[in-house]
Amino acid sequence: MSPRSKLAARRLILARVLARRCPQCGRGWIFQGYARVAPACKRCGLVFRREPGAQTGSMYLTAAASEIFAAALIFLFWWLFDWTPLVFVLATAPLVLAFCAAFLPVSQALWVGVEYATDLEGREPWVELRE
Ligand SMILES: [Zn+2]
């Protein structure tokens, strides 16, 4: 795979997973419910959940993004308002939890794409990127 086609493949995979579609065929859905990754693509059969713990990377991604969001929110509120620490916690905690819930499916889909791109570049026999 040439560097140019590698970049094009990564972009295609990223676009597909951000649309919550299968990274291989772009037609099947990654999720079977809210933040619940389907076992496999119903269109092409690509296995999304290969082993227990395969989504651990998405958990770390969600945690990191949530911490960055929380820090930015706390800094913004600290700058705008003169609140006590308790009010800070009461105001920011629900927003951070809502961000976590909203970002979790995004990070799960991104992680499916990362695993697929890794397999594609590793030339695994079950991988066949379809245009
Ligand atoms: Zn598929």
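1. Let's start with a term: a crossing of two helices is called right-handed if the near helix is turned clockwise from the far one by less than a right angle. Keep that in mind for point 4. One more thing before we go on: what you have above is a predicted model.

2. First, the parts list. The protein has three helices and two strands, and going along the sequence you meet them in the order α-β-β-α-α.

3. Now the overall form. The C-alpha trace spans about 60 × 30 × 25 Å along its principal axes. A compact globule of 131 residues would have a radius of gyration near 14 Å, whereas this protein comes out at 18 Å. Just 18% of the 131 residues count as buried. As for contacts with a separation of 6 or more, 49% of them link residues 24 or more positions apart.

4. Here is where the opening term comes in. Two packed helices are described by the angle between their axes and the distance between the axes. For α2 and α3, the axes come within 7 Å and cross at roughly 145°, and the crossing is right-handed. What kinds of residues make up the contact of α2 with α3? They divide into 18 nonpolar, seven polar and no charged.

5. Two residues let you look at α2 and α3 up close. Take leucine 61, which sits in helix α2 (residues 56-80). Leaving aside neighbours within four places in sequence, leucine 61 is in contact with Ser107, Leu110 and Trp111. Leucine 61 and leucine 110 are 49 residues apart in sequence, yet 9.2 Å apart in space, C-alpha to C-alpha. Is leucine 61 buried or exposed? Neither label fits: it has 19 other C-beta atoms within 10 Å, so it is partly exposed, because buried takes 20 or more.

6. From the other side, try valine 96, which is in helix α3. Not counting residues up to four places away in sequence, valine 96 touches Ser66, Phe69, Ala70 and Leu73. Alanine 71 is 25 residues from valine 96 in sequence and 9.7 Å from it in space, C-alpha to C-alpha. Valine 96 has 17 C-beta neighbours inside 10 Å, so it counts as partly exposed too.

7. On to the inside. In soluble globular proteins, nonpolar side chains tend to be buried together. In this model the largest nonpolar core has 13 residues, and those with the most contacts inside it are Val17, Ile30, Phe48 and Val112. Both α1 (3-18) and α3 (85-121) supply at least two residues of this core, and α3 gives the most, with five. Have a look at isoleucine 30: leaving aside neighbours within four places in sequence, its contacts include Val17, Phe48 and Val112. Also among the contacts of isoleucine 30 are Arg20, Arg21 and Cys22.

8. Finally, two backbone oddities to check. Most residues other than glycine have a negative phi. Alanine 35 is not a glycine, but its phi is positive, about 55°. You'll find alanine 35 in the loop between β1 (31-33) and β2 (36-37), where it is partly exposed, with 17 other C-beta atoms within 10 Å. Arginine 123 also has a positive phi, near 55°. Arginine 123 lies in the segment after α3. Why is arginine 123 called exposed? Because it has 8 other C-beta atoms within 10 Å, and 12 or fewer makes a residue exposed.

Notes:
Residues numbered from 1 in each chain as written. Predicted model: local features only at pLDDT ≥ 70, side-chain atom pairs only at ≥ 80, totals over all residues. Helix = DSSP H or I, 4+ residues; strand = E, 2+ residues; numbered from the N terminus. Contact = placed C-beta atoms within 7 Å. Core = buried A, V, L, I, M, F, W, Y, C linked by C-beta atoms within 7 Å. Rg over C-alpha atoms; globule rule 2.2 N^0.38 Å. Axes fitted to C-alpha atoms, helices over the stretch in contact; angles between N-to-C directions. Nonpolar A, V, L, I, M, F, W, Y, C, P; charged D, E, K, R; others polar.
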